[in-house]
Amino acid sequence: MFVCMCYGVTDKDIRHAVQNEGAGNIRELRKQLDLGSQCGKCIHMAQQIIDATIIDETLFHEVC
Ligand code: FES
């Protein structure tokens with residue numbers, strides 16, 4: 001699904017940046033992806049995806 005319509009950034013792009021590039025917040029994410037600098041409507045959703053991805057990673061590591 002598209003999170004940032006202005007730059008065509010998807011939820012998959014964001015999860016990839018968190019899991020593989022270590023982005024842990026919006027500032028770090030924006031170093032890798034163009035998002036949020038046009039209208040800014042995507043920032044809240046992008047933060048939720050970052051948080052959910054980090055929580056998923058944490059749960060995965062605790063099980064193993
Ligand atoms: S939707 Fe991301 S900057 Fe507009």
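## Fold and core of a 64-residue predicted model

With 64 residues, a compact globule would have a radius of gyration near 11 Å, and the protein chain, at 12 Å, agrees with that expectation. The model described here is a predicted one, and along the principal axes its C-alpha atoms fill a box of roughly 40 × 20 × 15 Å. Of the 64 residues, 25% count as buried.

The protein chain holds 3 helices and 2 strands, which follow one another from the N terminus in the order β-β-α-α-α. Among the contacts with a separation of 6 or more, 51% join residues that are 24 or more positions apart.

Confidence should be considered before any detail is read. The mean pLDDT of the protein chain is 92, and 92% of its residues reach 70 or more. The elements at the two extremes of confidence are set out below.

| Element | Place in the confidence range | Mean pLDDT |
|---|---|---|
| strand β2 (residues 9-10) | highest | 98 |
| α3 | lowest | 86 |

Where pLDDT is low, the predicted coordinates should not be read in detail.

The largest nonpolar core comprises 14 residues, and those with the most contacts inside it are Val3, Ile14, Leu29, Ala46 and Ile50. Strand β1 (2-4), helix α1 and helix α3 (43-63) each supply at least two residues of this core. In soluble globular proteins, nonpolar side chains tend to be buried together. Ala46 illustrates how the core is joined: once its neighbours within four places in sequence are left aside, Ala46 is in contact with Val3, Ile14, Ile26, Leu29, Leu35 and Gly36. Three of the partners of Ala46, namely Val3, Ile14 and Leu29, are also listed among the core residues with the most contacts.

Lys12 offers a view of the other kind of environment. This residue is found in helix α1, which spans residues 11-21, and it counts as exposed because Lys12 has 11 C-beta neighbours inside 10 Å, where the cut-off for an exposed residue is 12 or fewer. The C-alpha atoms of Lys12 and Leu35, which are 23 residues apart along the chain, are separated by 13 Å; Leu35 is itself one of the contacts of Ala46.

As for annotation, the unreviewed UniProt entry lists residues 3-51 as "domain: BFD-like [2Fe-2S]-binding". In the model, this span is 55% helix and 8% strand, and the C-alpha atoms at its two ends lie 15 Å apart.

Conventions: Residues numbered from 1 in each chain as written. Predicted model: local features only at pLDDT ≥ 70, side-chain atom pairs only at ≥ 80, totals over all residues. UniProt positions renumbered as here; feature names shortened; annotations may be inferred. Helix = DSSP H or I, 4+ residues; strand = E, 2+ residues; numbered from the N terminus. Buried ≥ 20, exposed ≤ 12 C-beta atoms within 10 Å, placed from the backbone. Core = buried A, V, L, I, M, F, W, Y, C linked by C-beta atoms within 7 Å. Contact = placed C-beta atoms within 7 Å. Rg over C-alpha atoms; globule rule 2.2 N^0.38 Å. pLDDT = per-residue confidence, 0-100.
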